[in-house]
Structures are given as C-alpha cells and as structure tokens.
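Let's take a relaxed walk through a protein model, one piece at a time. Keep the picture open and rotate it while you read.

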Amino acid sequence: LPCHLDGRWLALDEARVPVLDRGFMFGDGIYEVVPVYRRRLFRFDEHMLRLERSLTAVRIPNPHGRDAWLALMRELVERVAEAGGGDEQLLYLQITRGVTPRVHGMPAGLKPTVFLMSTPHHPPGPEQRHRGASCITHADFRWSRGDIKSTSLLGNVMARQLAMDAGADETILLREMPHGGVTVSEGSSSNVWIVLEGALIGVPPSGHTLAGIRLELLQSLCEETGIACHLRPIGEAELYAADEILISSAGRELLPVTRLDGEPVGHGAGRGKPGPVYARLHEAYEQAKL
Ligand code: PDD
C-alpha cells in the first residue's frame with residue numbers, strides 16, 4: 001500500500017529513514033492515529049488539536065498547517081482505497097525531530113521527518129464485543145508526560161506484553177498517589193471507564209492519562225443518550241467494584257471489559273457479560289460514525 005514520507009508517495013516497504021533520525025535514536029517524535037469510516041476522517045479537528053499540543057510540548061515545529069494536513073490525509077485515504085486497502089482505515093501520522101548527529105539536546109533548525117501510512121481498520125466485531133476484553137492490572141511504571149502522544153512507547157509496549165503473557169487483551173495501569181491511595185491511569189493503549197450506579201466515569205487527562213479523542217466523544221454520547229457522565233479519578237477499589245468496565249481507543253472504539261485479573265466483571269446475572277450502559281453507548285457510537 002502507498003505511504004507518504006517527507007513529501008513523497010511510495011510503497012510502504014520502500015520507505016526508508018536514516019539511522020540518525022531522532023525517532024530511531026531517541027523515540028524523539030510524536031504521532032496520531034485517526035480512524036477513517038467510509039473514506040471519511042473521523043474527528044479530524046480533535047486529532048489536529050492534540051497533534052498541535054504534542055508538537056508544542058516537545059518543541060517540534062508543525063511541518064504543515066491544518067489545511068495541508070487535511071489535504072495530505074485525504075489523498076492518503078483515496079490512494080490506499082484505490083490500491084485495495086478498503087474504505088475503513090486507520091491513519092498513522094508520525095513526526096520526528098529530524099536527522100542529526102547523536103546529541104541529547106535539541107539541535108536548532110532541523111527539518112522534521114514526516115511519515116503517514118494507513119492500515120485496514122477492523123473495529124471489534126459482534127463476537128469480540130460479546131466476548132469482551134480480558135484485562136489485567138499492573139503498576140504504572142511509565143513517565144509522567146503521558147499527555148504527550150509520543151512515539152517513545154517502550155513503557156506501553158512492556159505493559160501490553162504483560163497482558164499478552166497472561167493471555168489477556170489489555171493492561172490497566174494503576175498508580176500510587178503521592179498522598180496515598182491507588183488510582184487508574186489508563187490502559188497500555190486505551191482509556192479506561194467504569195460504570196457505577198448507572199453513571200459512566202472516566203479518568204480526567206493528566207500527565208498519566210492521554211487525552212483520548214474518545215474522552216470528549218463519549219461525554220457527548222452520554223449527553224445524547226441520557227447517561228450521567230463524569231471525569232474524575234477512579235480508585236482501585238472502585239475499579240474492582242464496578243458494574244461495568246469499558247476501554248476506548250481509535251482502533252478498538254469502545255469495548256466492554258468482561259474479565260479483570262481473571263475474575264468476571266460486574267454483579268448478578270450480568271456478571272462477566274457486556275453491560276447495558278456499554279450496549280447503549282455502542283449504539284450511539286455506531287450512529288456517530290455515520
Ligand atoms: N492509542 N491512552 C493511550 C496510552 C493510547 O495509546 C491511546 C490510543 C489512548 C486512546 O486515545 P484515542 O481515543 O485518541 O485513540 C489512550 C493509539 C490508538 C495507538 O497507540 O495505536
């Protein structure tokens with residue numbers, strides 16, 4: 001499939017970056033993952049805002065204005081669709097600081113390396129949604145700038161592998177608070193939600209939780225469907241006591257967590273099954289995609 005590297009269109013397996021690119025040397029770059037439904041970009045403005053925030057935080061100049069990004073991403077979608085990549089895609093955008101001899105400080109005047117690719121988007125189907133995700137928990141051992149969508153993802157990679165090792169799908173990261181108590185930060189590549197007494201509760205963005213694009217989306221879907229929704233810290237005990245647990249991300253959209261640390265999630269007859277709040281939000285999400 002075609003991809004875009006520094007102003008050129010080429011086949012993905014022909015794209016090459018110099019070894020002194022700071023993305024390779026230091027993980028010195030930022031990225032975005034943007035869903036495409038029926039060849040249309042989903043939540044483009046929100047992704048651009050986050051991209052701009054990430055770039056500013058790490059002092060990489062934005063190589064394109066919004067209109068140029070939009071044109072580039074639309075062209076990628078069309079090229080990939082025409083090449084047989086389908087109408088449902090996940091766009092990956094990456095900007096690294098550029099190529100320079102290896103020094104830790106940020107050299108001035110570098111030309112950022114800009115890369116875009118697209119992969120087929122297969123959101124969870126009925127079977128996977130019915131089965132739900134199985135999650136484990138682990139101490140959050142990552143840095144405290146998780147608000148930056150950085151390509152430095154070793155902590156996330158290690159966290160996800162712990163789930164793989166346990167035969168689970170995702171690792172929910174828990175953090176000791178400076179003044180005591182343990183709270184949920186996020187999944188290795190997802191945001192975490194719980195349902196308590198019919199209300200959806202999500203974790204507010206901080207240095208430990210990426211401001212997922214689905215954070216605002218789910219809040220507005222809750223408003224539409226009459227579900228109470230708050231962003232506030234989620235305590236460890238609340239996670240284990242929750243009626244429902246959900247995870248959200250660009251690729252997985254919204255998924256119910258049906259097992260936590262090997263135990264079924266929820267209470268009574270609904271134990272270990274996707275819950276009613278999930279079902280309503282899934283419907284609303286499908287509508288939002290149209
Ligand atoms: N990951 N938290 C982390 C650490 C993530 O990596 C992601 C997404 C999210 C959810 O954000 P959003 O709703 O904007 O996708 C939360 C992307 C999809 C990835 O790394 O592939």
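## Buried, exposed or in between

Before we start, one cut-off is worth having in hand: a residue is buried if 20 or more other C-beta atoms lie within 10 Å of its own, exposed if 12 or fewer, and partly exposed in between. Also keep in mind that this is a predicted model.

Let's try the rule on Arg 39. Arg 39 has 14 C-beta neighbours inside 10 Å, so it counts as partly exposed. You'll find Arg 39 in the loop between β3 (29-37) and β4 (40-41). Its phi is near 65 degrees, a positive value in a residue other than glycine.

Now try Glu 253, which also has a positive phi, near 55 degrees, without being a glycine. Is Glu 253 buried or exposed? Glu 253 is buried, because 22 other C-beta atoms lie within 10 Å. This residue sits in strand β14 (residues 253-260).

## Two domains

The chain is split into domain 1 (2-120) and domain 2 (126-289). Measure from C-alpha centre to C-alpha centre, and the two domains are 27 Å apart. Where they meet, 21 residues of domain 1 are in contact with twelve residues of domain 2.

Which elements give two or more residues to the side of domain 1 that touches domain 2? They are β3, α2 (44-58) and β5. The largest share, eight residues, comes from β3. Sort this side of domain 1 by class and you get ten nonpolar, seven polar and four charged residues.

## A stop at Tyr 92

Tyr 92 belongs to strand β5 (residues 89-96). It has 17 other C-beta atoms within 10 Å, so Tyr 92 is partly exposed.

Who does Tyr 92 touch? Leaving aside neighbours within four places in sequence, Tyr 92 is in contact with Tyr 31, Val 33, Leu 116, Met 117 and Thr 119. As for Asp 169, that residue is 77 residues from Tyr 92 in sequence, and 22 Å from it in space, C-alpha to C-alpha.

## Strands, a hairpin and a crossover

Next, look at strand β10 (residues 191-196) and strand β11 (residues 199-202), which run antiparallel and are joined by four bridges. One pair to look for is Val 195 with its bridge partner in β11, Leu 200. Together β10 and β11 form a hairpin with two residues between them, and Glu 197 in the turn has a positive phi of about 50 degrees.

Strand β11 has another partner too: it pairs with strand β12 (residues 229-231) in the parallel sense, over three bridges. Here Gly 202 stands opposite Leu 231 in β12. Which elements make a right-handed β-α-β unit? The answer is β11, α6 and β12.

## Around the ligand

Last stop: the ligand. How many residues surround the ligand? There are 14, and the closest are Ser 189, Leu 210, Gly 212, Ile 213 and Ala 250. The elements that give two or more residues to this shell are α6 (213-225) and β13 (244-249). So you meet α6 twice on this tour, as it is also part of the right-handed β-α-β unit.

By class, the shell has four nonpolar, eight polar and two charged residues.

Terms used. Residues numbered from 1 in each chain as written. Predicted model: local features only at pLDDT ≥ 70, side-chain atom pairs only at ≥ 80, totals over all residues. Near = placed C-beta within 6 Å. Nonpolar A, V, L, I, M, F, W, Y, C, P; charged D, E, K, R; others polar. Contact = placed C-beta atoms within 7 Å. Pairing = 2+ DSSP bridges. Right-handed = clockwise from strand over helix to strand, strands pointing away. Domains from an automatic or database assignment.
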